Amino acid sequence: MSKTPSGAVPPAHVAIVMDGNGRWANKRFLPRVAGHKQGVDALVRIVQVCADRGIRHLTVFAFSSENWRRPEEEVSGLMSLMMSTVAKHLGRLEAQGVRIRIIGDRAMVSDKVRAAWDEAEQGTAHNSRLNLNVAFNYGGRWDIVQACQQALADGLRPEELTEERLSGYMALRHAPDPDLFIRTGGEYRISNFLLWQVAYSELYFTDCLWPDFDEAQLDAALADFARRDRRFGLVKGNPAGAPSA
Ligand code: IPE
Ligand code: IPE
Ligand code: MG
């Protein structure tokens, strides 16, 4: 298994709220969409670093179900950027062994955006080194509701609906829950990202704006994670299931 620079075993799954693109651009008197473009470059760099560190799953928040409330110009800029990113970077990501999945509500986006998603998913479906899940038009509450809808459509009876069964309908059913949840941009909130899946994630917040997030920033987050004591409700130093008294 790969090791991080500190020698620790890496988290299997890292989730990132890539926040701060707009402020990065504002500081440079640039339009907000210029910050989003830099944000894509940061993501491409971080994907490579995650693969090198042996991280198996990376889930990034690219566009929330609430981001439709932004000015039309910014929303259409983000949609165009989604498509141009696939065109520009798909070949490189495919060659790096990255498997791309888009998670989110597909109903509301244009046919062109959906076609770009299909291309990204189908073109990388054979890869398994790093699973890159891009949350686009995603909301944690939407995810829970769509999972319940699927379970009901499958005819599950109330008593059959367990946490495990419901997890099997969630957008990230192919991945373990995130071990490490990172938010850049200085805000201390989840903003309707992976509500169900972060139940036991370690949370890491940094003031770094997403376009500035680089290898050193990721390693700092991984080093911080390596120092965490994950207890999952157990008592420290006590083996699973053993009484503590
Ligand atoms: C995150 O950056 C990217 C998206 C939400 C699409 P922001 O655009 O939210 O950047 P700030 O928070 O305004 O700086
Ligand atoms: C969260 O960032 C969504 C993404 C990073 C895609 P926002 O900038 O939209 O979150 P709020 O509005 O500050 O909570
Ligand atoms: Mg923001």
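Here's a quick briefing on a protein chain and the surroundings of its two ligands. The model is predicted. The protein chain has seven helices and six strands, and ligand 1 sits in the largest pocket. Ligand 2 takes up space in that largest pocket too. Asp 19 and Arg 70 turn up around both ligands.

**Overall fold**

- Going along the sequence, the order of elements in the protein chain is β-α-α-β-α-β-α-β-α-α-β-β-α.
- The protein chain has a radius of gyration of 19 Å, close to the 18 Å from the globule rule for 245 residues, so it is as compact as a globular protein of that length.
- If you want a box for the C-alpha atoms, take roughly 60 × 50 × 35 Å along the principal axes.

**Ligand 1: who's around it**

- The shell around ligand 1 has 13 residues, and the closest are Asp 19, Gly 22, Arg 23, Arg 32 and Arg 70.
- Three helices each put at least two residues into that shell: α1 (21-27), α2 (32-53) and α3 (72-95).
- Of the elements around ligand 1, α1 has the largest share, with three residues.
- Sorted by class, the shell around ligand 1 comes out as three nonpolar, five polar and five charged residues.

**Ligand 1: polar contacts and cover**

- Arg 70 puts a polar side-chain atom 2.7 Å from an oxygen atom of ligand 1.
- For Asp 19, a polar side-chain atom lies 2.9 Å from an oxygen atom of ligand 1.
- Arg 32 joins in as well, with a side-chain N or O atom 2.9 Å from an oxygen atom of ligand 1.
- As for cover, ligand 1 has 380 Å² of accessible area on its own, and the protein covers 88% of that.

**Ligand 2: who's around it**

- The residues surrounding ligand 2 are Val 17, Met 18, Asp 19, Phe 61, Ala 62, Phe 63, Asn 67, Arg 70, Arg 183, Arg 189 and Ser 191.
- Strand β2 (residues 57-64) gives the most to this shell, namely three residues.
- The class split around ligand 2 is five nonpolar, two polar and four charged residues.

**Ligand 2: polar contacts and cover**

- Ser 191 has a polar side-chain atom 2.6 Å from an oxygen atom of ligand 2.
- Arg 189 offers a side-chain N or O atom at 2.8 Å from an oxygen atom of ligand 2.
- With Arg 183, the distance from a polar side-chain atom to an oxygen atom of ligand 2 is 3.3 Å.
- On its own, ligand 2 has 390 Å² of accessible area, of which the protein covers 78%.

Methods. Residues are numbered from 1 along each chain as its sequence is written. Chains are lettered from A and ligands numbered from 1 in the order in which they are written. This is a predicted model: local features need pLDDT of at least 70, side-chain atom pairs count only at pLDDT 80 or more; totals for chains, interfaces and linings use all residues. Side-chain values use heavy atoms; hydrogens and water are left out. A residue is near a molecule or strand if one of its heavy atoms lies within 4 Å of it. A polar contact is a pair of N or O atoms within 3.5 Å; within protein, one must be able to donate a hydrogen and the other to accept it, and residues adjacent in sequence count only if both atoms are side-chain atoms. Accessible areas come from the Shrake-Rupley method with a 1.4 Å probe; for residues, only the protein chains shown count as cover. On a 1 Å grid over the protein atoms alone, a cavity is a set of points where a 1.4 Å probe fits but cannot get out, and a pocket is an open set with protein on both sides within 12 Å along at least five of seven lines; lining residues have an atom within 4 Å of a point. A molecule sits in a cavity or pocket if more than half of its atoms lie within 2 Å of its grid points. Helices (H or I, at least four residues) and strands (E, at least two) are DSSP runs, numbered from the N terminus. Ala, Val, Leu, Ile, Met, Phe, Trp, Tyr, Cys and Pro count as nonpolar, Asp, Glu, Lys and Arg as charged, and the others, Gly among them, as polar. The radius of gyration is taken over C-alpha atoms; the globule rule is 2.2 Å times the number of residues to the power 0.38.
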